[in-house]
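Biologist: I'm new to this one. Could you walk me through it and tell me what the labels rest on?

Modeller: Sure, let's take a look.

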Amino acid sequence: MNPIISFLKQRRSVMIRNLNPLPLPESDLSLILECGTRVPDHGMLTPWQIIVISGEQRWQLGKSCLRDEFSRINPDATEAMLEFEEGRFAKASAVLCVVSKPVIHPKIPRWEMHLSAGAVCQNLLTAALALGYGAQWVTHWYSYNDKMITTLGGNPDTDKIAGFIYIGAKIKQPNERNRPDISQIALRYGQDIKEGQRLK
Ligand SMILES: Cc1cc2nc3c(=O)[nH]c(=O)nc-3n(C[C@H](O)[C@H](O)[C@H](O)COP(=O)(O)O)c2cc1C
């Protein structure tokens, strides 16, 4: 079978808890970024940025944006909960934050720019998995946190965090998960679905 199709048929994310935060070689990071940004982008607007969080910065950001913000939002949080938040980024070798930064355009809707940012997330994830790393795309609570968006150079009024891609060495192979029944979600127009029929 074609090796790319074979890879895509089996591709599976690796949960953050199954990552080992060994250092990520710069050469692999460069490949992941190069492949990750090779996405469809209507109008070639490049309406997104990737912030690489690695090394000591995982802890710095963990303290200033995860621990401190979690504590502010959850005044009853225990020390154990705060330590968990502070250490989140350090569970990965590197965390790539994709910030969707739509621009004003006379024809291209903002929605399409956000979709392109989603494509960046998926490509980063796919590239990391293809290189043999474990990786997971998450948003968690802190993607929707204004301080996080501002700290990472975004404008909370217009920009959105499309996701954080956690990358690390795989501690164990992931199990398969349930997949949608293709016949239920890919419908042939005129056969499975007729004009105007409301989809379930
Ligand atoms: C936009 C987006 C946000 C997600 N956020 C989370 C999250 O916050 N927490 C989580 O456990 N999974 C989250 N997921 C799902 C995980 O990445 C999940 O592991 C993944 O869907 C597994 O699918 P795969 O093995 O086909 O890659 C998110 C997925 C997407 C597309």
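Modeller: Let's start at the ligand, and keep in mind that this is a predicted model. The residues around the ligand are R12, S13, Q136, W137, V138, T139, H140, G163 and R177.

Biologist: What makes those residues the surroundings of the ligand?

Modeller: The cut-off is a C-beta atom within 6 Å of the molecule. R12, S13 and the others in that list make up the surroundings on that basis.

Biologist: Which strand gives the most to that shell?

Modeller: Strand β4, residues 134–138, with three residues. By class, the shell has two nonpolar, five polar and two charged residues.

Biologist: H140 is on your list. What is its phi like?

Modeller: Phi of H140 is near 50°, a positive value, and H140 isn't a glycine. Most residues other than glycine have a negative phi. As for its place, H140 is in the loop between β4 and α6 (146–151).

Biologist: Why is H140 called partly exposed?

Modeller: Count the other C-beta atoms within 10 Å: H140 has 15. Buried takes 20 or more and exposed takes 12 or fewer, so H140, with 15, lands in between and is partly exposed.

Biologist: Where does M44 sit, and what is its phi?

Modeller: M44 is in the loop between α2 and β2 (48–54). Its phi is positive, about 50°, although M44 is not a glycine.

Biologist: Is M44 buried or exposed, and how do you know?

Modeller: M44 has 6 C-beta neighbours inside 10 Å. The cut-off for exposed is 12 or fewer, so M44 counts as exposed.

Biologist: And what makes D76 buried or exposed?

Modeller: D76 also goes by the neighbour count: with 6 C-beta neighbours inside 10 Å, against a cut-off of 12 or fewer, D76 is exposed. D76 belongs to the loop between α3 (57–73) and α4 (79–86). From D76 to L45 is 31 residues in sequence and 44 Å in space, C-alpha to C-alpha.

Biologist: Let's turn to the helices. How do you describe a packed pair?

Modeller: Two packed helices are described by the angle between their axes and the distance between the axes. Take α2 (residues 26–36) and α5 (residues 110–130): their axes come within 8 Å and cross at roughly 140°.

Biologist: Why is α2 called oblique to α5?

Modeller: Roughly antiparallel needs an angle over 145 degrees, and roughly perpendicular runs from 65 to 115. The angle here is roughly 140°, which fits neither, so α2 is oblique to α5. The crossing of α2 past α5 is right-handed.

Biologist: Which residues meet there?

Modeller: From α2 there are L31, I32, C35 and G36, and from α5 there are V120, N123, L124, A127 and A128. Seven residues of that contact are nonpolar, two are polar and no residue is charged.

Biologist: How do α3 and α4 pack?

Modeller: The angle between α3 and α4 is about 145°, and their axes are 8 Å apart. α3 passes α4 in a right-handed crossing. G62, K63, L66, R67, F70 and S71 of α3 make the contact with L82, E85 and E86 of α4. That contact holds three nonpolar, two polar and four charged residues.

Biologist: How many helices and strands does the whole protein have?

Modeller: Seven helices and five strands. Their order from the N terminus is α-β-α-β-α-α-β-α-β-α-β-α. The C-alpha trace spans about 60 × 45 × 35 Å along its principal axes, and 29% of the 200 residues count as buried.

Technical notes. Residues are numbered from 1 along each chain as its sequence is written. This is a predicted model: local features need pLDDT of at least 70, side-chain atom pairs count only at pLDDT 80 or more; totals for chains, interfaces and linings use all residues. Helices (H or I, at least four residues) and strands (E, at least two) are DSSP runs, numbered from the N terminus. Ala, Val, Leu, Ile, Met, Phe, Trp, Tyr, Cys and Pro count as nonpolar, Asp, Glu, Lys and Arg as charged, and the others, Gly among them, as polar. Axes are lines fitted to C-alpha atoms, for helices over the stretch in contact, and angles run from 0 to 180 degrees between N-to-C directions. Angles under 35 degrees count as roughly parallel, over 145 as roughly antiparallel, 65 to 115 as roughly perpendicular and the rest as oblique. A crossing is left-handed if the near helix is turned anticlockwise from the far one by less than a right angle, and right-handed if clockwise. Two residues are in contact if their C-beta atoms, placed from the backbone, lie within 7 Å.
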